[in-house]
Amino acid sequence: MTELITSAQNPKIKKLLALQQKSSERRSEGLFVVEGRREIEHCVEAGYEVDSIFYCPAVMPDSDRASWTPDQVGGDVRVFEVSASVYDKIAYRAGTEGLIAEVKAKTLGLEDLTLGENPLIVVLESVEKPGNLGAVLRSADASGADAVIVCDPLTDLYNPNLIRSSIGAIFTVPCVACSSEECIAFLKARGIKVFTAQLQDSELYYDTDFRGGSAIVMGTESTGLTDIWRQAADAHIRIPMLGRLDSLNVSVSAAILLFEAVRQRSNA
């Protein structure tokens, strides 16, 4: 049965806003928020369970208003129709087709990763900005990477900015959080070569062989990688910088390195 909500003071709306705004709320409730039909579909396809869905017919595109039903998310889902004024309060971004879902969180560990014979993995150490991680996930999806591993993260993986900037890639690419020590042990045990992106003592990335199992490791733009990764590396690689600045945005660097790996593997 669908419940109609017309007030932003409704407790369910207050809870939804708290989940959007506070990582502590997401952890304690075991829920996170996904906006948009495409993102919700990716989420469901990845095996996540939708707890509640909020929809607003008044702002839905005509095609969605005619074709979309709550049954499309599957399972035992609580359904709330909200007024346009309430939706305007809870919408985190424009263009989300009048659909917002509360989804049950899943915690993936390194042991949950299923890797192929020569996996291609992105490793990010202490990523600070959820938007950067979301953009890296989009590149990882586009390049067919096997996984993204976030070491010692400074943002939680269900941050709304991350989900928004990844346009759902957080659900299409396995993404795991762990410590740097755990990640290094995992990669070494599987014979996956560690390539650290750094300016010092490095070779040009296109002179590096990415055809075997490869982990491309990047740090923050401000401080780079810590010594534990520099020492664990099989090779240090760099992107040539021809201007006056000495670094690229981490998501741009990830895209360049990932698609060099794709190029090499397609020519193998």
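A residue is called buried when its relative accessible area is under 20%, and the exercises below apply this term to a predicted model.

**Exercise 1.** Determine which residues of S2 point one way from the strand and which point the other way, and which strand pairs with S2.

*Solution.* Begin with the strand as a whole: S2 covers residues 31-35, and because 5 of its 5 residues are buried, it is largely enclosed by the rest of the structure. Next, separate the two directions: Leu-31, Val-33 and Glu-35 point one way from S2, whereas Phe-32 and Val-34 point the other way, and all of them are buried. Finally, turn to the pairing, in which S2 and strand S5, made of residues 99-104, run in the antiparallel sense over 5 bridges, with Glu-102 of S5 as the bridge partner of Val-33.

**Exercise 2.** Decide whether Asp-51 is buried or exposed, and find what its side chain contacts.

*Solution.* First locate Asp-51, which has its place in strand S3, residues 50-55. Its relative accessibility is 17%, and since the limit for buried is under 20%, Asp-51 counts as buried. The side chain of Asp-51 then proves to make a polar contact, at 2.9 Å, with the side chain of Arg-78. When residues up to four places away in sequence are not counted, Asp-51 touches several residues, among them Leu-31 and Glu-102, both of which were met in Exercise 1 as parts of S2 and S5 respectively.

**Exercise 3.** Describe Ser-7 and the start of H1.

*Solution.* Ser-7 lies in the loop between strand S1 and H1, and at 34% relative accessibility it counts as partly exposed. A polar atom of the Ser-7 side chain lies 3.1 Å from the backbone nitrogen of Gln-9. Leaving aside neighbours within four places in sequence, Ser-7 is in contact with Val-86 and with Ile-13, the latter being one of the buried residues of H1. At the start of H1 itself, a side-chain oxygen of Asn-10 reaches to within 2.8 Å of the backbone nitrogen of Lys-12.

**Exercise 4.** Work out how H6 and H11 are arranged relative to each other.

*Solution.* Two packed helices are described by the angle between their axes and by the distance between those axes. For H6 (residues 130-142) and H11 (residues 250-266), the angle is about 15° and the axes are 8 Å apart. That angle makes H6 roughly parallel to H11, and H6 passes H11 in a right-handed crossing. As a last step, look at the residues that meet, which include Ala-135, Val-136 and Ser-139 in H6, and Ala-254, Leu-258 and Phe-259 in H11.

Conventions:
Residues numbered from 1 in each chain as written. Predicted model: local features only at pLDDT ≥ 70, side-chain atom pairs only at ≥ 80, totals over all residues. Heavy atoms only, no water. Buried < 20%, exposed > 50% of the residue type's maximum accessible area, 1.4 Å probe, protein only. Helix = DSSP H or I, 4+ residues; strand = E, 2+ residues; numbered from the N terminus. Polar contact = N/O pair within 3.5 Å; in protein donor to acceptor, adjacent residues only side chain to side chain. Pairing = 2+ DSSP bridges. Axes fitted to C-alpha atoms, helices over the stretch in contact; angles between N-to-C directions. Parallel < 35°, antiparallel > 145°, perpendicular 65-115°, else oblique. Left-handed = near helix turned anticlockwise from the far one by under 90°. Contact = heavy atoms within 4.5 Å.
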